[in-house]
Amino acid sequence: MQIFIKIFTVFLITTNTQMLCAEERLIFGADIKKIAQSYLAENDVYNEILVSEKRAYFPCNEKILITQKNPSSWHTLKASCGEPARWSISFRTQDRAIKSEQLRHNNLSNSAQIVFTKLNIPKGKVIEPADVVMKWADSQTARGAYVTLDNIVGQKAKRNLSRDTVIKARHILAKNAVNKNDAVLIISGSAAIRIVTYGEALSDGKVGDMVLVRNSSSLKEFKAIVTAEKKVSPLANIN
(Lines give C-alpha, C1' and ligand atoms only; values in the text may rest on other atoms or scores of the structure.)
Protein backbone atom coordinates (compact mmCIF):
# COMPACT_ATOMS: atom_id res chain seq x y z
CA MET A 1 0.00 0.00 0.00
CA GLN A 2 2.80 2.41 0.90
CA ILE A 3 4.54 1.66 -2.40
CA PHE A 4 1.31 2.47 -4.28
CA ILE A 5 1.01 5.81 -2.39
CA LYS A 6 4.60 6.74 -3.23
CA ILE A 7 4.09 5.92 -6.91
CA PHE A 8 0.87 7.95 -6.99
CA THR A 9 2.57 10.91 -5.29
CA VAL A 10 5.43 10.91 -7.80
CA PHE A 11 2.88 10.72 -10.61
CA LEU A 12 1.05 13.82 -9.29
CA ILE A 13 4.26 15.82 -8.91
CA THR A 14 5.40 14.91 -12.42
CA THR A 15 2.01 15.75 -13.90
CA ASN A 16 1.85 19.13 -12.13
CA THR A 17 5.36 19.97 -13.28
CA GLN A 18 4.52 19.12 -16.87
CA MET A 19 1.36 21.24 -16.71
CA LEU A 20 3.36 24.16 -15.31
CA CYS A 21 5.91 23.88 -18.10
CA ALA A 22 3.11 23.81 -20.63
CA GLU A 23 1.65 27.03 -19.25
CA GLU A 24 4.91 28.90 -18.70
CA ARG A 25 8.12 28.92 -20.67
CA LEU A 26 11.59 29.75 -19.51
CA ILE A 27 12.76 33.30 -20.15
CA PHE A 28 16.17 33.52 -21.80
CA GLY A 29 18.68 36.32 -21.96
CA ALA A 30 17.79 36.83 -25.63
CA ASP A 31 14.18 37.64 -24.61
CA ILE A 32 15.26 40.15 -21.97
CA LYS A 33 17.82 41.70 -24.32
CA LYS A 34 15.23 42.27 -27.05
CA ILE A 35 12.69 43.83 -24.66
CA ALA A 36 15.38 46.00 -23.01
CA GLN A 37 16.64 47.28 -26.38
CA SER A 38 13.11 48.38 -27.30
CA TYR A 39 12.74 50.10 -23.92
CA LEU A 40 16.02 51.98 -24.35
CA ALA A 41 15.22 52.96 -27.95
CA GLU A 42 11.92 54.49 -26.81
CA ASN A 43 13.99 56.72 -24.52
CA ASP A 44 16.63 57.45 -27.20
CA VAL A 45 19.29 55.51 -25.34
CA TYR A 46 21.35 53.02 -27.34
CA ASN A 47 23.51 51.33 -24.74
CA GLU A 48 24.66 47.76 -25.24
CA ILE A 49 22.75 45.22 -23.12
CA LEU A 50 25.21 43.10 -21.11
CA VAL A 51 23.14 39.91 -20.92
CA SER A 52 24.06 36.44 -22.16
CA GLU A 53 21.44 35.47 -24.73
CA LYS A 54 21.64 31.77 -23.83
CA ARG A 55 21.22 32.21 -20.09
CA ALA A 56 17.88 30.84 -18.78
CA TYR A 57 15.84 32.68 -16.16
CA PHE A 58 12.58 31.88 -14.35
CA PRO A 59 9.41 30.97 -16.25
CA CYS A 60 6.93 33.79 -16.89
CA ASN A 61 3.63 33.91 -18.75
CA GLU A 62 3.11 37.61 -18.09
CA LYS A 63 4.58 40.75 -19.64
CA ILE A 64 8.27 41.41 -18.92
CA LEU A 65 8.66 45.00 -17.71
CA ILE A 66 11.95 46.92 -17.99
CA THR A 67 12.72 49.86 -15.70
CA GLN A 68 15.72 51.87 -14.59
CA LYS A 69 17.09 50.65 -11.30
CA ASN A 70 18.45 54.15 -10.66
CA PRO A 71 16.44 57.02 -12.20
CA SER A 72 19.65 58.99 -12.87
CA SER A 73 21.45 56.26 -14.80
CA TRP A 74 20.84 53.94 -17.75
CA HIS A 75 23.72 51.65 -16.77
CA THR A 76 21.64 49.31 -14.58
CA LEU A 77 18.18 48.08 -15.57
CA LYS A 78 15.65 45.79 -13.93
CA ALA A 79 13.47 43.19 -15.66
CA SER A 80 10.30 42.15 -13.80
CA CYS A 81 7.77 39.43 -14.52
CA GLY A 82 4.33 41.03 -14.37
CA GLU A 83 2.99 43.80 -12.17
CA PRO A 84 3.18 43.31 -9.23
CA ALA A 85 6.38 41.47 -10.00
CA ARG A 86 6.54 37.72 -9.43
CA TRP A 87 10.30 37.97 -9.80
CA SER A 88 12.84 40.50 -11.00
CA ILE A 89 16.50 40.58 -12.03
CA SER A 90 19.01 43.37 -12.53
CA PHE A 91 21.49 43.64 -15.36
CA ARG A 92 24.02 46.11 -16.71
CA THR A 93 24.31 48.15 -19.89
CA GLN A 94 27.32 49.79 -21.48
CA ASP A 95 27.71 53.00 -23.49
CA ARG A 96 28.19 52.53 -27.20
CA ALA A 97 29.85 55.92 -27.49
CA ILE A 98 33.29 55.57 -29.05
CA LYS A 99 36.28 57.30 -27.50
CA SER A 100 38.16 59.65 -29.81
CA GLU A 101 41.42 57.73 -29.47
CA GLN A 102 39.68 54.58 -30.70
CA LEU A 103 38.52 56.30 -33.85
CA ARG A 104 42.03 56.23 -35.28
CA HIS A 105 41.61 52.49 -35.69
CA ASN A 106 37.99 52.55 -36.90
CA ASN A 107 36.18 53.71 -40.01
CA LEU A 108 35.40 57.36 -39.41
CA SER A 109 32.55 57.31 -41.93
CA ASN A 110 30.57 55.10 -39.56
CA SER A 111 31.00 57.39 -36.56
CA ALA A 112 29.97 60.92 -35.61
CA GLN A 113 30.17 63.29 -32.68
CA ILE A 114 26.73 64.03 -31.30
CA VAL A 115 25.19 65.77 -28.30
CA PHE A 116 24.43 63.71 -25.17
CA THR A 117 22.98 64.91 -21.90
CA LYS A 118 25.71 65.11 -19.26
CA LEU A 119 23.27 65.55 -16.36
CA ASN A 120 19.59 64.95 -15.71
CA ILE A 121 17.64 67.80 -17.32
CA PRO A 122 14.12 68.48 -15.99
CA LYS A 123 11.27 69.53 -18.28
CA GLY A 124 11.20 73.26 -18.98
CA LYS A 125 14.83 73.90 -17.98
CA VAL A 126 16.92 76.10 -20.25
CA ILE A 127 19.81 73.91 -21.37
CA GLU A 128 23.24 75.21 -20.34
CA PRO A 129 26.71 74.18 -21.57
CA ALA A 130 27.30 72.17 -18.37
CA ASP A 131 24.19 70.06 -19.08
CA VAL A 132 25.44 68.56 -22.35
CA VAL A 133 28.54 66.94 -23.81
CA MET A 134 29.81 65.90 -27.25
CA LYS A 135 30.64 62.20 -27.58
CA TRP A 136 31.47 59.87 -30.44
CA ALA A 137 28.77 57.38 -31.37
CA ASP A 138 28.07 54.90 -34.14
CA SER A 139 25.98 55.88 -37.15
CA GLN A 140 22.84 54.15 -35.86
CA THR A 141 22.92 56.06 -32.58
CA ALA A 142 23.74 59.33 -34.35
CA ARG A 143 20.73 59.20 -36.67
CA GLY A 144 18.58 62.29 -36.07
CA ALA A 145 20.84 63.63 -33.28
CA TYR A 146 22.28 67.13 -32.91
CA VAL A 147 25.91 67.48 -33.99
CA THR A 148 26.77 70.85 -32.38
CA LEU A 149 26.21 72.32 -28.93
CA ASP A 150 25.29 75.71 -30.43
CA ASN A 151 21.95 74.32 -31.58
CA ILE A 152 21.13 73.00 -28.09
CA VAL A 153 22.38 75.51 -25.53
CA GLY A 154 19.76 78.11 -24.69
CA GLN A 155 16.82 75.90 -25.71
CA LYS A 156 14.24 74.56 -23.27
CA ALA A 157 13.78 70.85 -22.58
CA LYS A 158 10.39 69.64 -23.79
CA ARG A 159 10.41 66.72 -21.32
CA ASN A 160 12.54 65.22 -18.54
CA LEU A 161 15.83 63.97 -19.97
CA SER A 162 17.99 61.44 -18.13
CA ARG A 163 21.76 61.48 -18.16
CA ASP A 164 23.39 59.94 -21.29
CA THR A 165 20.35 60.59 -23.49
CA VAL A 166 20.94 61.38 -27.17
CA ILE A 167 19.29 64.77 -27.74
CA LYS A 168 17.00 64.99 -30.77
CA ALA A 169 14.63 67.63 -32.12
CA ARG A 170 11.60 66.22 -30.26
CA HIS A 171 13.37 66.70 -26.93
CA ILE A 172 13.67 70.50 -27.06
CA LEU A 173 11.47 73.53 -27.64
CA ALA A 174 13.58 75.23 -30.26
CA LYS A 175 13.26 79.00 -30.44
CA ASN A 176 13.59 81.13 -33.54
CA ALA A 177 17.13 82.30 -34.18
CA VAL A 178 15.77 84.89 -36.59
CA ASN A 179 12.41 86.66 -36.45
CA LYS A 180 10.71 88.62 -39.18
CA ASN A 181 11.96 92.25 -39.36
CA ASP A 182 15.13 91.39 -37.38
CA ALA A 183 18.38 93.02 -38.47
CA VAL A 184 20.70 90.18 -39.43
CA LEU A 185 24.31 89.65 -40.42
CA ILE A 186 24.65 88.19 -43.91
CA ILE A 187 27.84 86.14 -44.05
CA SER A 188 28.98 84.76 -47.40
CA GLY A 189 32.18 83.53 -49.01
CA SER A 190 34.69 80.92 -47.83
CA ALA A 191 36.59 80.48 -44.59
CA ALA A 192 39.55 82.35 -46.12
CA ILE A 193 37.54 85.26 -47.53
CA ARG A 194 34.31 86.22 -45.83
CA ILE A 195 31.95 88.99 -46.89
CA VAL A 196 29.77 90.39 -44.12
CA THR A 197 26.86 92.70 -44.83
CA TYR A 198 23.67 93.73 -43.08
CA GLY A 199 20.15 92.80 -43.99
CA GLU A 200 16.58 92.42 -42.79
CA ALA A 201 14.84 89.08 -42.20
CA LEU A 202 11.54 88.83 -44.05
CA SER A 203 10.48 85.59 -42.32
CA ASP A 204 11.02 83.64 -39.10
CA GLY A 205 13.42 80.73 -38.84
CA LYS A 206 15.27 78.42 -36.51
CA VAL A 207 18.89 77.38 -37.00
CA GLY A 208 19.07 75.36 -40.20
CA ASP A 209 15.86 76.84 -41.63
CA MET A 210 15.69 78.70 -44.94
CA VAL A 211 14.41 82.29 -44.68
CA LEU A 212 13.89 85.23 -46.99
CA VAL A 213 16.30 88.14 -46.46
CA ARG A 214 16.64 91.66 -47.91
CA ASN A 215 20.10 93.20 -48.34
CA SER A 216 20.01 96.61 -46.62
CA SER A 217 22.32 98.20 -49.22
CA SER A 218 21.08 96.75 -52.52
CA LEU A 219 17.53 95.99 -51.32
CA LYS A 220 17.92 92.68 -53.15
CA GLU A 221 15.82 89.85 -51.70
CA PHE A 222 17.20 86.31 -51.59
CA LYS A 223 16.95 83.03 -49.71
CA ALA A 224 19.42 82.23 -46.93
CA ILE A 225 20.08 79.57 -44.30
CA VAL A 226 19.94 80.55 -40.63
CA THR A 227 23.37 79.63 -39.18
CA ALA A 228 23.11 81.20 -35.69
CA GLU A 229 21.17 83.83 -33.78
CA LYS A 230 20.71 86.85 -36.08
CA LYS A 231 23.12 85.34 -38.62
CA VAL A 232 22.36 83.91 -42.09
CA SER A 233 24.29 82.58 -45.04
CA PRO A 234 22.95 83.09 -48.58
CA LEU A 235 22.26 80.05 -50.72
CA ALA A 236 24.29 81.73 -53.49
CA ASN A 237 26.96 84.40 -53.30
CA ILE A 238 25.52 87.90 -53.37
CA ASN A 239 26.97 90.98 -55.09
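Is Asp44 buried or exposed? At 0% relative accessibility, Asp44 counts as buried, where buried means under 20% relative accessible area, exposed over 50%, and partly exposed in between (1.4 Å probe, protein chains only). The model behind this value is predicted, so to speak with its own filters: local features need pLDDT of at least 70, side-chain atom pairs count only at pLDDT 80 or more, and totals for chains, interfaces and linings use all residues. Residues are numbered from 1 along each chain as its sequence is written, and side-chain values use heavy atoms, with hydrogens and water left out.

Asp44 is also a handy way into the charged contacts. Its side chain meets that of Arg159 in a salt bridge, at 3.6 Å from N to O; the term covers a side-chain nitrogen of Lys or Arg within 4 Å of a carboxyl oxygen of Asp or Glu. Asp44 sits in the loop between α2 (29–42) and β2 (48–50), and Arg159 in the loop between β9 (156–157) and β10 (172–173), so this pair ties together parts that are 115 residues apart in sequence. Helices (H or I, at least four residues) and strands (E, at least two) are DSSP runs, numbered from the N terminus. Unlike buried Asp44, Arg159 is partly exposed, its relative accessible area being 32%. The two don't act as a lone couple on paper: Asp44, Arg159, Lys168 and Arg170 are linked in a network of salt bridges.

In total, the structure holds 11 salt bridges. Another one of them pairs Lys125 with Asp131, with the closest N and O atoms 2.6 Å apart. Here Lys125 comes out as partly exposed at 24% relative accessibility, while Asp131 is buried at 5%. Lys135 and Asp164 make a salt bridge too, their closest N and O atoms being 3.5 Å apart. That pair links distant parts of the chain, with Lys135 in strand β8 (residues 132–138) and Asp164 in the loop between β9 and β10, 29 residues apart. Asp164 is buried, with a relative accessible area of 10%.

On the covalent side, the count comes to one disulfide, taken as a pair of cysteine sulfur atoms within 2.5 Å. The bond joins Cys60 to Cys81, with an S to S distance of 2.0 Å. Cys60 lies in the loop between β3 (56–59) and β4 (64–68) and Cys81 in strand β5 (residues 76–81), so the disulfide ties together parts that are 21 residues apart in sequence. The torsion about the S-S bond is about 90°, which makes the disulfide right-handed. Both Cys60 and Cys81 are buried.
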